[in-house]
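Here is a short tour of one protein chain, written to be read with the structure open beside you. Let's begin with some aromatic rings and work outwards from there.

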Amino acid sequence: MQPGMTPREMVCSAPDHEDPRCETVLTELKSRVGARPFALWFEGKVRLEIAGEQLLIAVGSPFLLNCINKQFRRELAEVAQLVLGNSATPTLTVDATLALTVPMERENRTTAALRLPAAPSGDLTRLELDAPPAPSRPAVVTSGGRQRRLADLSDFIPTPLAEFALTASRHVAAAPGTQFNPLFLYGSVGTGKTHLLEGICRQLRRTHPQLQVTLLTAEAFANYFTQALTERTLPSFRHKFRGVDVLLVDDVDFFESKRVFQEEFLHTLCDLADHGRQVVVTADRHPRLLTKLGDDLVSRFQSGLICRLETPDLDTRRQIVIRKAQRLEGEFAPEALQFVAERFTGSVRELEGALNCLQTFYGMTQKRITAATARQVLADLERDCLRVVRLADIERVVCQVFGLKPKDLKSDSRVRTLAQPRMLAMFLARKHTQSAYSEIGQHFGGRNHSTVMSAERKVQKWLEDNVTVRVASQSWTFQEIVANLEQQLLAG
């Protein structure tokens with residue numbers, strides 16, 4: 001085809017047999033366009049088929065089709081004529097299934113020179129969506145060369161409190177950027193934050209395939225930014241992240257105490273939200289308890305919708321275990337599943353680990369998993385899941401939430417900003433450790449046992465009366481503070 005060729009757009013299926021001439025086409029094409037452009041635009045991203053004198057080049061999205069046609073039209077025509085004859089014509093087509101198995105990075109809309117550098121080693125997940133998935137293929141994301149299936153919102157089994165977060169996630173996935181912007185999801189480890197984030201991503205892939213969606217961790221964002229600083233490509237970095245339609249960022253608490261990353265992310269968030277583009281983030285705490293984040297960023301998080309996720313209760317754990325067991329190969333007695341739900345209370349990941357152990361045992365023995373079998377197989381794992389809370393752990397989380405130093409809790413000062421956290425620490429020590437009153441008093445400044453007993457009574461009274469306390473210039477009830485502290489303690 002001559003330089004004036006026009007690509008046609010269609011969805012095609014894979015050929016039954018690969019023509020050996022296709023390899024020749026790729027070799028010739030690489031020699032003409034160069035190794036780096038070839039790797040960027042063609043290697044692993046296209047599929048070739050030869051039909052008579054026609055060279056069919058299938059790509060994963062209309063966007064990629066247009067870019068290849070604009071930049072490599074002449075080279076494709078030359079290679080087709082060289083391999084297939086002077087009358088040969090190349091035709092670009094769209095095969096949506098390629099977007100599933102080869103996660104594409106959406107190139108800059110104006111020039112490839114602004115392409116974001118490859119992710120530094122160790123970054124977790126980045127997914128940008130170009131085409132809708134085929135109905136029979138699951139949405140997948142690639143990390144470190146491995147593919148894994150994205151979670152689905154329909155698979156999320158919420159606790160009563162998490163119903164709110166699930167409803168908000170569904171709304172965002174259905175109409176991104178119209179409301180709840182940013183959406184802030186928080187909770188301890190294993191409560192489903194990443195599940196909802198991936199579920200939003202997967203739903204957007206189904207219903208809004210034209211949108212540019214980026215899913216990544218806060219650490220990956222920081223790594224991209226650091227690399228851009230090193231390579232002096234900040235304009236490219238900013239164009240890339242501020243040009244997306246939906247930005248999904250996991251674990252933004254990673255930005256604590258990292259001022260430079262906070263400022264860059266704040267500007268990115270503001271730019272996206274101000275242009276009606278959706279932002280969803282997750283963290284392990286409420287924004288007001290992220291005391292080492294800047295006030296501007298915390299305020300921006302609070303301007304959207306904040307949803308809390310909690311550790312699943314027994315009924316929710318039972319539903320989760322049944323749902324996950326149905327997808328495993330094995331025979332599980334209801335009593336065995338009930339045992340798992342009752343004993344593994346820390347997080348959904350503990351439940352998954354227990355079920356994996358039972359499935360492995362079934363694979364070895366081909367015997368139905370009964371309650372007695374589950375109890376025997378999981379005995380060691382159950383012991384390992386026990387969380388031993390120490391006085392030092394309580395000291396750490398209280399200091400972290402209230403922005404104090406250990407010496408503050410142990411000081412003789414009786415000002416309210418120190419006395420209330422100190423009494424909370426003593427209350428939690430009595431509740432979550434086996435330490436005696438005297439041992440607790442000794443740890444927190446050499447106080448006697450009657451001081452600890454008095455602190456325990458006062459905190460219990462505050463909880464019953466729903467008294468508030470000031471944290472980071474905001475008012476919280478003691479019930480909320482205690483719940484947050486206990487989540488962090490049990491999460492380790």
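## A buried ring and its partners

F241 counts as buried, because its relative accessibility is 0%. Keep in mind as you look around that this is a predicted model. F237 is buried too, with a relative accessible area of 1%. These two phenylalanines both belong to helix α8, where they are four residues apart and so separated by about one helical turn.

How do the two rings meet? A pair of aromatic rings is described by the distance of the centres and the angle of the planes. For F237 and F241, the centres are 4.9 Å apart and the planes stand at 50°, so this pair is tilted. The cut-offs help here: planes under 30 degrees apart would count as stacked and planes over 60 as edge-to-face, with the rest called tilted.

## From one pair to a cluster

The structure holds 15 aromatic pairs. Another of them joins F221 and F237 in an edge-to-face arrangement, with 5.4 Å from centre to centre and 65° between the planes. F221 sits in helix α7 (residues 218-231) and F237 in helix α8 (residues 234-242), so their pairing ties together parts that are 16 residues apart in sequence. Both F221 and F237 are buried.

If you zoom out a little, you will find that F221, F237 and F241 belong to one aromatic cluster, whose other members are Y224, F225, F254, F255, F261 and F265. One member of the cluster, F254, also has a lysine for company: K258 lies over the face of its ring, at 4.4 Å from the ring centre. Elsewhere in the chain, the charged end of R430 sits over the ring of Y437, 3.8 Å from the centre.

## Strand β8 and its two partners

Next, have a look at strand β8, which covers residues 246-250. Are its residues buried or exposed? Five of its five residues are buried, so to speak on both faces: V246, L248 and D250 point one way, while L247 and V249 point the other way. In a regular strand the side chains alternate between the two faces of the sheet.

β8 has parallel pairings with two strands. With β7 (residues 213-217) there are five bridges, and V213 stands opposite V246 of β8. With β9 (residues 278-283) the pairing runs over four bridges, and there V249 has V281 as its bridge partner.

## A three-stranded sheet with a helix across it

Earlier in the chain you can find an open sheet of three strands in the order β1-β2-β3, with mixed pairing. The edges are taken by β1 (46-51) and β3 (89-94), each with a single partner strand, so one side of each is left without a neighbour in the sheet. Neighbouring strands here are turned by 25° against each other on average, direction ignored.

Strand β2 (residues 54-59) runs parallel to β3, and six bridges join the two. In one of these places, L56 has T91 of β3 as its bridge partner. Helix α1 (residues 21-33) lies across β1 and β2, and runs at about 125° to β1.

## Around helices α13 and α14

F361 is found in helix α13 (residues 348-365). With 27% relative accessibility, this phenylalanine counts as partly exposed. Beyond its neighbours up to four places away in sequence, F361 touches Q366, I369, T373 and V377. Its C-alpha is 9.4 Å from that of A374, a residue 13 places away in sequence.

A371 lies in helix α14 (residues 371-377). Which residues does A371 contact, leaving aside neighbours within four places in sequence? They are E335 and A336. The C-alpha atoms of A371 and A336 are 4.0 Å apart, although 35 residues separate the two in sequence.

## The chain as a whole

Stepping back, the chain has 21 helices and twelve strands. Of its 492 residues, 49% are buried. Contacts across the sequence are well represented: among those between residues at least 6 apart, 74% join residues at least 24 apart.

Finally, the accessible surface of the chain comes to about 23200 Å², and carbon and sulfur atoms account for 49% of that area.

Terms used: Residues numbered from 1 in each chain as written. Predicted model: local features only at pLDDT ≥ 70, side-chain atom pairs only at ≥ 80, totals over all residues. Heavy atoms only, no water. Contact = heavy atoms within 4.5 Å. Pairing = 2+ DSSP bridges. Axes fitted to C-alpha atoms, helices over the stretch in contact; angles between N-to-C directions. Phe/Tyr/Trp six-rings, centres within 6.5 Å; stacked < 30°, edge-to-face > 60°. Buried < 20%, exposed > 50% of the residue type's maximum accessible area, 1.4 Å probe, protein only. Lys NZ or Arg CZ within 6 Å of the ring centre and 35° of its normal. Areas by Shrake-Rupley, 256 points an atom, 1.4 Å probe, with all protein chains shown as cover.
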